[in-house]
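Subject: Structure handover

Hello,

Here is the structure we discussed, with the sequence. My notes on it follow below.

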Amino acid sequence: MHCEGDKTYNAPGDCPVCGTHLKPVEEPGHEHEDGQMHHHSGEAHHNHTDAAEASGIYYCAMRCEGDKTYNAPGDCPVCGMHLVKEVSAFPSGTIFTCSMHPEIKRNKPGNCPICGMDLIPESGDVESEEEKAYKKMAKKFWIALILSVPVLIIAMSDYVPFVNLEKLAPKKIWNWIEFILATPVLFYSSWVFFKRGWSSIIRWMPNMWTLISIGVGAAYIFSVFALLLPGIFPPQFQDSQGNVHIYFEAVAVILTLVLLGQVLELRAHSKTNSAIKALLGLVPPIARIVRNGVEEEIPLEDVKAGDILKVKPGEKIPVDGVITEGTAVIDESMITGEPIPADKSTGDKVTGGTINGKTVFEMKAVKVGSDTLLAQIIEMVNKASRSRAPIQKLADTVAKYFVQIVIAIAVITFAVWAIWGPEPAYVYAFVNAVAVLIIACPCALGLATPMSIMVGTGRGAQSGVLVKDARAIEEMNKVNMLIVDKTGTLTEGKPSLKIYKSFGSLSDEEILKLAASIDANSEHPLADAIVKGAKEKNIELIKLNNFESVTGKGVQAMWEGKRIGLGNKKLMEDFQANIDNNNKKQVEEWQLTGQTVMYLIIENKVEGVVSVSDKIKETSARAIKELQKSGIKVHMLTGDNQFTAKAVADELGLDGYQADCLPEDKYKKVKELQDQGHIVAMAGDGINDAPALEQANVGIAMGTGTDIAMQSAEITLVKGDLNGIARARELSIKVMRNIKQNLFFAFVYNSLGVPVAAGILFPFFGILLSPIIAAAAMSFSSVSVISNALRLRKI
């Protein structure tokens, strides 16, 4: 934490300021030509592993400080919870070792120099930070349990007739034995709780550990004084022999139960990001590179864009790229959520982490390291897990004043019992005040939202639904209006050339030649279709000058000193060109069949038209029906013409549509619907959709679209079809239901638990809550919240 700047220590231990375990400083090593790693320390391997594990990004699961992160393990300075390590987006510095001779360590694949076996990645065997914290806490719990059981037996012997320990030794001796057994439970197994409590007091950030420290600390100090100086207590505290009742059993058992809660919580925490760990497990540690016809295995982090890689049957694809040789049937279910394998051939894109079928193929690496889709998915899930949903504000507001209120209630409880309680009044007052402090659990309130968000976003990523911000999950649950683009969202986004026809002196082929030549500089999918269609017909393109893209209208350039354009009706109007009625009627007929027609204009005359058609996705109709059943109205906004838009809208049964939309029209429509009281989600895939995606309550980008669309959106669908929106809606509904269940439980637990601990039932039913029972309830309240959140893994 660098509490004391650059100060270092020459022995392990805890920081004297914040109490965080000191991190070892690794001495730099050097690498020889043989690839062997050599270090200056005799414990090089151990130090290397510790340093590798300790490095990383850590954050508080309760988001006490928002998006704040730490670069070393420890406890949250606000709530005292153990910091969670963020899963790295891609592996780095993989060390390879021999399973037979673990002392052999190299930085690249190869054979063991001793036995000749293949070296394997070491990273899969390295214990995680969470596992270390869990084992450390579990060890302390078992020690506390072993010591606490005899303490409890001794304390309860007075209430069990057949266990009369005073026949063996006087009560004073048994009190000393309780003291000897309970003290290590506090000072060894549970001292970290008191450090957290003290930290919360000096920072004036009261939390659960403040309550436990005050409650258990008071019981322990009271018991020590009762044991050593019983004469200082009033007569009502003393029995006939002058002994004062001690509470070492409460101290030991309460702390043991808190330790059990922490152990269960750490174990549950490790499962909350199991989805992201599963995604990370898709990354192979090595890749097979082909150089001059020779194959060589290299660490994944050494792969560079442009490298040619070979992928064999059953292997995971190492990085994102394009197939250069061969064909494949690839299982992409772990990325897209779709169970049916995808057929791939030369020129098709492949994604890192997906699994090859039964063929061998070669691919060109295009995106490597943090640029791969899988790395971006992991980074997006990490970011979403750390974000805060608006619903969490309610819990935050309550938690802000919670501890102060509980301490006030404990003081009032003590006063009421001391004044009006039965004899021994001070004993009742003390025990009930401690019970109030112990049973209160602000942790359950704090964990209610972030645990559900963490598990939900991870599960969404496994289904091809990437959530950038927790707010989107909450908003998606309220959406009642979905705006969709046509091309690439409702349709395949892979248009093909249909018709090219001259209206003037040029031939049909010349119309296509000019159209393809001007579109050669455009990145629009419709332009790609025209260029591809021209090349298939062996039409040679010509060079045009002064190319310019006119957003929402088309493209224009200069040809033989003449202004030439290709686009929609709005571009035709810009050129002040017209079309006669016969040709206009012919164009409308093509448009009614769903074709997109573009006008080729030279100067102010329409010389001809080119049309393309984009097949509607097979999944669109079913997904729209599902969304409409859930109460969402689906409207289409498209830059395409009125007739094509109507044909698509009628076929899919949309609730409405608007044609000839410019980017600003889409933006204005979204704002107009919001002003009418609708909660609007916008789904799109192009640059022209970015303003509307930004304005919408929830922006949804198709994973098949542009990077700008994905940056503007809060949800990205890897597969790029409307089924993903239906999945996102279902995810939102179930996550929000889970959060509300958690908040309900946390509120009800604290609302009932604190009054009962204060003794509100005693006048009516004679019921009092033991601090031990209070500790058990408090420990399991947090665990129950996390366990409920974990149910989201099964949706």
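I start with a residue that sits on the surface: N292 is exposed, having a relative accessible area of 84%. N292 belongs to the loop between strand 8 (286–291) and strand 9 (294–299). Its phi is positive, about 55°, although N292 is not a glycine. Please keep in mind throughout that this is a predicted model.

E603 has a positive phi too, near 60°, and is likewise a residue other than glycine. E603 is placed in the loop between strand 23 (596–602) and strand 24 (605–613), and with 38% relative accessibility it counts as partly exposed. For background, most residues other than glycine have a negative phi, and most peptide bonds are trans. On the second point, the peptide bond from E423 to P424 is cis, with omega near -10°. P424 lies in the loop between helix 10 (392–420) and helix 11 (425–439).

Overall figures

The protein chain contains 26 helices and 29 strands. Of its 795 residues, 51% are buried. Among contacts with a separation of 6 or more, 67% are between residues 24 or more positions apart. The chain exposes about 36300 Å², and carbon and sulfur atoms supply 57% of that area.

Cores

The largest nonpolar core has 121 residues, and the members that touch the most others are L255, L482, L490, I700, I715 and I725. Helix 24 (residues 723–758) gives the most to this core, with 13 residues. L482 is in contact with L627, I632, K633, V634, H635, A681, A683 and I725, leaving out residues up to four places away in sequence. There is also a second, separate core of 25 residues, including I511, A557, I564 and V612.

A buried loop residue

S522 is found in the loop between helix 15 (508–519) and helix 16 (525–536). S522 counts as buried because its relative accessibility is 15%, under the 20% cut-off. Apart from its neighbours within four places in sequence, S522 touches A527, D528, F547 and V555.

Salt bridges

The search of the whole structure gave 15 salt bridges. Three of them are described here.

- R288 pairs with E315, and their closest N and O atoms are 2.9 Å apart. The pair links distant parts of the chain, 27 residues apart: R288 is in strand 8, and E315 is in the loop between strand 10 (308–311) and strand 11 (320–325). R288 is buried at a relative accessible area of 13%, whereas E315 is partly exposed at 24%.
- K666 pairs with D485, the closest N and O atoms being 3.1 Å apart. K666 lies in helix 21 (residues 663–675) and D485 in the loop between strand 18 (481–484) and helix 14 (486–490), so this salt bridge ties together parts that are 181 residues apart in sequence. K666 counts as buried at 0% relative accessibility, and D485 counts as buried at 6%.
- D665 pairs with K570, with 3.7 Å between the closest N and O atoms. D665 is in helix 21 and K570 in helix 17 (residues 569–574), 95 residues apart. D665 is partly exposed, with a relative accessible area of 22%, and K570 is also partly exposed, at 22%.

Salt bridges with shared partners join R288, E295, E297, K310, K312 and E315 into one network.

Surface patch

Which residues form a nonpolar patch on the surface? They are W176, I221, F225, L228, L229 and I232, with about 580 Å² of accessible area together. Helix 5 (residues 208–228) supplies the largest share of the patch, three residues. W176 comes from helix 3 (residues 171–189) and is partly exposed, with a relative accessible area of 33%.

A three-stranded sheet

One open sheet has three strands in the order 13-12-15, with antiparallel pairing. Strand 13 (342–344) and strand 15 (355–356) are the edge strands, each pairing on one side only. Strand 12 (residues 328–331) and strand 15 run antiparallel and are joined by two bridges. I330 has N356 in strand 15 as its bridge partner.

Regards

How values were computed. Residues numbered from 1 in each chain as written. Predicted model: local features only at pLDDT ≥ 70, side-chain atom pairs only at ≥ 80, totals over all residues. Heavy atoms only, no water. Core = buried A, V, L, I, M, F, W, Y, C linked by side-chain atoms within 4.5 Å. Buried < 20%, exposed > 50% of the residue type's maximum accessible area, 1.4 Å probe, protein only. Helix = DSSP H or I, 4+ residues; strand = E, 2+ residues; numbered from the N terminus. Contact = heavy atoms within 4.5 Å. Areas by Shrake-Rupley, 256 points an atom, 1.4 Å probe, with all protein chains shown as cover. Patch = residues over 30% accessible without salt bridge, like charges linked within 9 Å, V, L, I, M, F, W, Y side chains within 5 Å. Salt bridge = Lys/Arg side-chain N within 4 Å of Asp/Glu carboxyl O. Pairing = 2+ DSSP bridges.
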